[in-house]
Structures are given as structure tokens and as C-alpha cells.
Amino acid sequence: MNVTKIAPSILSADFGCLEKEVASVVDAGCDWIHIDVMDGHFVPNITMGPLVVSALRRRFRCTLDVHLMIEKPESMIPSFVEAGADVITIHQEATHHPHRALQMIRSSGLRAGLAINPGTGLDSLPYLVGEMDLLLIMTVNPGFGGQTLIPATVSKVASARRQLVELGRGDVLIEVDGGINEQTIREVYEAGANVFVAGSAVFDHSDRTDAVARLTKALAM
Ligand SMILES: O=C(CO)[C@H](O)[C@H](O)COP(=O)(O)O
């Protein structure tokens, strides 16, 4: 699969001027924006909700990639659909019914993603693959930006890519999230990832065009 996307995570952006921050990465050539929704229960942090998604929807046409790090995501899926998300990803660990949650997202006409934490295996992939468009492999424990990629997650990406091909779903995007930077992006790409969430590697730099170009260059090397 040839698709590769850098998806800047606004978790690391300056929320005091969010529109300007998002515009800076759209101007740098990014057409996916990653939105980390945290509830203070599933992860020890609280961030944003559907109001922020709908505000960004009114201002930007790019793909809004919403990552729900919330318990019982089923209850909030309709609000994020209404807000204008394009991709909604739920965590396998956050619901007793990941299959039903993925079906809810797809039946709303959106792309559905399944996220798994670093400590979660790929055992359920054969049973959920028919309902998903994207597999998000967390490369850090979720909750905070600026962490270091956990090396064991790289072989999980490779294993997931192999299994997806064997299951006849080589088209499923593999997204990686956490600790993606110039030093790590190439190894996860080679393992089979194609959507690269980058928070601090983009927003901690004042020149966003340069930051995105550096990641793109490291990907191609
Ligand atoms: O989901 C997340 C945290 O739960 C963030 O998207 C992720 O950590 C990105 O931040 P960075 O690129 O700085 O590691």
C-alpha cells in the first residue's frame, strides 16, 4: 500500500490559538489532523470533546481523525459524528463491545478505527477486521504527548501488517501514535505503518513546514 500520511496531533498545539496552529500544519501540506479525546478515566488526562471537532470542521476541510481515549465510547460516537469527524477510532480496551462500536461508526458513513494499547495483543484482529478501516497501534501508553516510543510495538506493527494481508485486508491503514519523530518514523514505516501521528515532533517546532518536511524526508530515506 502506497498511502503515507503525517497526522499532526493537536494535543501538542497551543490551545490558545488552535485555529492558527491547525492552519500552520495544513499550510505545511498535512491533510489529516489527529484529535486526541481523553476523559480522565480511560487515560489520566482530560482534553477536548465534540465542540472542538465541530469548530475545526467549520474552518478546515482536511480529514479530522478523532481518537477516542474514553470509556464506553459507544455513548459518544453520535456526538462526534454530528460534530463532523471523518475517522473515529475507539479503544478495544475501553468497551465490552468493540465490534458493535465499529459497526456504529461505519453505519454513520465514517471510517472506523480500532486502537490497541502497547500491552494489548492482536488476538481479536480476525474477528474485528471486517468492521474496520484503520488499526491504531499505540507506540506509547496513551494519555500524554512527548513520550518515547516503546520498541516492542514495532514488531507488533510488522505482525499486524502480515496478518492483515493474510486476512485479505491489506487495505486497512495502520496508524502509529506516540514518540514518532525523525529518528523513529522510518522503522515503523518499514514495519508496515502508513499513518504517522506526530505531536511534539511537529508542534514543538516554530517552523511547521520544516518540521513536516523533516519527517517526510526521514520517511523516504
Ligand atoms: O495519543 C496521544 C497520547 O495519548 C498522542 O497523540 C501522542 O502521544 C502524540 O504525541 P507525541 O508525538 O508527542 O508522542
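This passage describes the sheet, two of the helices and the ligand surroundings of a predicted model.

The sheet is open and holds 8 strands. Their order is E1-E8-E7-E6-E5-E4-E3-E2, and the pairing is parallel. Strand E1 (5-8) and E2 stand at the edges. Each has a single partner strand, so one side of each is left without a neighbour in the sheet. From one strand to the next, the twist averages 25°.

At the E2 edge, the pairing can be followed by residue. E2 pairs with strand E3 (residues 63-69) in the parallel sense, over 7 bridges. Ile33 has Leu64 in E3 as its bridge partner.

Two helices lie across pairs of strands. Helix H4 (residues 98-107) lies across strand E4 (87-91) and strand E5 (111-116). The angle between H4 and E5 is about 150°. Helix H6 (residues 152-166) lies across strand E6 (134-138) and strand E7 (173-177). H6 runs at about 160° to E6.

The ligand comes next. There are 22 residues around the ligand. Those that come nearest are Ser9, Pro142, Gly145, Gly199 and Ser200. By class, the shell divides into 8 nonpolar, 12 polar and 2 charged residues. Three elements each supply at least two residues of this shell: strand E2 (32-38), strand E8 (195-198) and helix H8 (200-203). E2 thus has two roles in this description: E2 stands at an edge of the sheet, so one of its sides is left without a neighbour there, and E2 also supplies residues of the shell around the ligand.

Technical notes: Residues numbered from 1 in each chain as written. Predicted model: local features only at pLDDT ≥ 70, side-chain atom pairs only at ≥ 80, totals over all residues. Near = placed C-beta within 6 Å. Helix = DSSP H or I, 4+ residues; strand = E, 2+ residues; numbered from the N terminus. Nonpolar A, V, L, I, M, F, W, Y, C, P; charged D, E, K, R; others polar. Pairing = 2+ DSSP bridges. Axes fitted to C-alpha atoms, helices over the stretch in contact; angles between N-to-C directions. Contact = placed C-beta atoms within 7 Å.
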